2 protein chains.
Amino acid sequence: MSHTPGVRQAQKQKTRQALLDAGLRLLEDQSLSSLGLREVTRVVGVAPAAFYRHFRDMADLGVALVEEALGSLHAMIRTVLAEQDGAQERIDRTVEVVAAHVRAHPAHVRFVARERHGGVRAVREAIGEQLALFADEVAEVLPGQSELTGWSERDAHMLAALYVDHLVMTASAFLEATPEEAERIAGRARQQLRLINLGCRHWLDE
Amino acid sequence: MSHTPGVRQAQKQKTRQALLDAGLRLLEDQSLSSLGLREVTRVVGVAPAAFYRHFRDMADLGVALVEEALGSLHAMIRTVLAEQDGAQERIDRTVEVVAAHVRAHPAHVRFVARERHGGVRAVREAIGEQLALFADEVAEVLPGQSELTGWSERDAHMLAALYVDHLVMTASAFLEATPEEAERIAGRARQQLRLINLGCRHWLDE
DNA sequence: CAATCCGGAGAACGGTTGTTTACTGAATGA
DNA sequence: TCATTCAGTAAACAACCGTTCTCCGGATTG
């Protein structure tokens, strides 16, 4: 049944990862629908035909990148939102974590922001699916916050969607900003989250 | 000084517009950085070289499309926000107007959403610039709302940015949605705006 | 009317693209 | 040990690309 690592499989995964890395790098200043197969293989230093041993086409490589880019996010935000400190502390920490993530993985963030509405259907849909899943997770964790006791599931989902969209917005704002603009972006994001949180506290008053 | 219309100039503007229209159409299922010059001229039925009589390159055509797509928006939202009805009515009307705009100009909306973070720097910056201008306009009109008396200019701008981002989000959500999903999207957008508005009403309490 | 302008045509250029084919040679497994 | 598997190679393919050049013919101008 050969589920041993194997020198063969290891090497294959290695060049596969090299293709993904090269693709991600090239996508920093162009979009997926214009990224050429030969362009990628040239960077890796491999024959064009070798590409087909790993991906059917560029769209296929794209969806692989989606999983790589969004896979790590889930656990992170889950833990951040689960913190039981006050609202202000949670907001500060969230923005902080987002900023750190953008600094650590700028290419991944850029890829997601760019291809979320990009020209390749399969990738667009993969990102949309992942973000929807993401919103579901957030919606599940939200009831743990004191401001949200008594909220309907529907309302929680509405809020979760707003959070996720705002998160993506903030991340891509960090991306396009110079280092000296970063603090201004962060401050604004915090205030916006405060505003939303304020709305939450009075949601059941009307 | 020849500022007469002239048969010459008229025909030139006509094919220029044809190039823009063809480009916009082709951009519905690809992104600008992969759109070919010949592809556009082929649709218009004109020689490839003729392209250069109107645009330096594809990026140039792109920024022209940005102005075409975002130019009409300004006046519209200005009038919507200026309405002095209650908050609920204003929210309903805003979402309604956005939905109508997406239905009327889907290609323009798609273009803006796609190229806002797209692979062509000049176009990306042009859109960012226009949206920032847009936020400025919104920030100027906002103090007319009763909920926002006593707000600092900085806070008004923070809110305006949130509104603009939410608007773009909502518009592109409408775009990707099937007709039967549209009402769900609209309902969610309205609730999100209500939540934000609720936050506004208590912004100066803390 | 004659001179000029200028949007567009047409052909040619060097270069790049995605994909297929037959192949090599090392890891694999009986 | 020997046959098999298979990731990667090398070459060839037709199709397409952006750009440049020269030229045409109708509008414009004086």
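A salt bridge is a side-chain nitrogen of Lys or Arg within 4 Å of a carboxyl oxygen of Asp or Glu. Keep that in mind for later.

Some ground rules. This is a predicted model, where local features need pLDDT of at least 70, side-chain atom pairs count only at pLDDT 80 or more, and totals for chains, interfaces and linings use all residues. Residues are numbered from 1 along each chain as its sequence is written, chains are lettered from A and ligands numbered from 1 in the order written, and side-chain values use heavy atoms, without hydrogens and water.

Chain A first. Its domain assignment, which is automatic or from a database, gives domain 1 (7–56) and domain 2 (68–201). Their centres, over C-alpha atoms, are 30 Å apart. How many residues of each are in contact? Ten of domain 1 of chain A meet nine of domain 2 of chain A, with contact meaning heavy atoms within 4.5 Å. Between these two domains the count is one salt bridge. Glu28(A) and Arg110(A) form a salt bridge through their side chains, at 3.9 Å, N to O.

Now the DNA. Strand D is surrounded by 20 residues, each with a heavy atom within 4 Å of the strand. Among the closest are Arg53(A), Val7(B) and Arg38(B). Of the strand D atoms that come within 4 Å of the protein, sugar and phosphate make up 52%.

Which part of strand D does Arg38(B) approach? A base nitrogen, 2.4 Å from an N or O atom in the Arg38(B) side chain. Arg42(B) puts a polar side-chain atom 2.7 Å from a phosphate oxygen of strand D. For Lys12(A), the distance from a side-chain N or O atom to a phosphate oxygen of strand D is 3.4 Å.

Notes: Polar contact = N/O pair within 3.5 Å; in protein donor to acceptor, adjacent residues only side chain to side chain.
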